[in-house]
Amino acid sequence: MVQKLKNIFSVDLRALALMRIGIALIIIVDLSIRLLDLGIHYTDQGILPLSALMTNRWNIYYFSIFTFSGSKGFILFLFCLNYVWAIMLLLGYRTRIANFLCWIFLLSLHNRNPLILQAGDDLLRLLLFWGLFLPWNKRYSVDSERKNYGTANKYFSPSAVAYILQVISVYFFTALFKHSAEWSVDGTAVYYALSLDQMVYPLGKLIYPYKGLLKILTFSTYYMELLLPFILL
């Protein structure tokens with residue numbers, strides 16, 4: 001039984017390395033998008049100056065390097081540092097240090113302006129956090145070239161279990177939140193989602209007239225999210 005559980009919750013070191021590379025690329029792209037509105041979102045000349053943040057949106061348990069100054073030059077300097085840490089993580093150079101710094105800077109960036117966050121930001125922070133305890137530097141990295149980590153690719157530890165449960169939770173609890181009739185009874189959720197003209201893409205506009213297809217997509221999404229965790233296991 002124990003061996004079976006170990007097999008279920010073991011991860012492949014190559015997959016962890018690809019996850020490291022993917023997350024580093026996401027950080028770089030995310031920073032580049034945020035850089036376009038740096039002055040608006042993260043400086044004292046923008047929509048949320050430090051005085052307003054501290055008065056209305058700050059929590060005593062928050063931490064943010066980006067609150068040390070509201071000047072554009074300082075924020076731009078921190079963005080440049082963040083790029084450095086993300087590139088180090090991408091290459092797998094001093095991976096543990098790069099991972100920790102990426103997590104600290106991402107946490108700081110999100111705490112600087114909580115008004116523009118979404119659920120994907122929370123998930124990215126969590127994945128970086130679990131990365132602190134995972135050996136995702138043992139494959140496809142500068143670190144692995146400098147040190148021999150062996151040839152075995154299967155890895156099991158409490159951190160691996162936590163990481164897998166984190167991925168499973170994303171799907172399973174998302175499905176549980178879809179408890180309205182539009183998802184499980186009427187099958188109209190995707191139709192309503194595509195009715196939001198300001199958010200729909202060309203493909204959405206293309207399939208919007210086919211209500212039967214949208215119904216199938218709604219039920220498929222719901223039951224895939226509900227059952228996928230068990231399929232993964």
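This passage describes the nonpolar core, one helix pair and the cysteines of a predicted model. Local features were required to have pLDDT of at least 70 and side-chain atom pairs pLDDT 80 or more, whereas totals for chains, interfaces and linings use all residues. Residues are numbered from 1 along each chain as its sequence is written, and side-chain values use heavy atoms, with hydrogens and water left out.

The largest nonpolar core (buried Ala, Val, Leu, Ile, Met, Phe, Trp, Tyr and Cys residues joined through side-chain atoms within 4.5 Å) comprises 39 residues. Leu16, Ile23, Ile27, Phe79, Leu89, Leu128 and Tyr163 touch the most other members. Two or more residues each are given to this core by α2 (13-35), α3 (38-42), α5 (72-91), α6 (95-112), α7 (119-131) and α9 (158-177); helices are DSSP runs of H or I with at least four residues, numbered from the N terminus. Beyond its neighbours within four places in sequence, Phe79 is in contact (heavy atoms within 4.5 Å) with Leu31, Arg34, Leu35, Leu38, Tyr42, Phe66 and Leu109.

Helices α6 and α7 pack at an angle of about 155°, with axes 9 Å apart; axes are lines fitted to C-alpha atoms over the stretch in contact, and angles run from 0 to 180 degrees between N-to-C directions. The two helices are therefore roughly antiparallel (over 145 degrees). Residues of α6 at this interface include Cys102, Trp103 and Leu106, and those of α7 include Leu124, Leu128 and Phe129.

No disulfides (cysteine sulfur atoms within 2.5 Å) were counted. The cysteine sulfur nearest to that of Cys80 belongs to Cys102, 14 Å away. Cys80 is partly exposed at 42% relative accessibility, whereas Cys102 is buried at 1% (buried, under 20%; exposed, over 50%; partly exposed, in between; 1.4 Å probe, protein chains only).

How values were computed: Angles under 35 degrees count as roughly parallel, over 145 as roughly antiparallel, 65 to 115 as roughly perpendicular and the rest as oblique.
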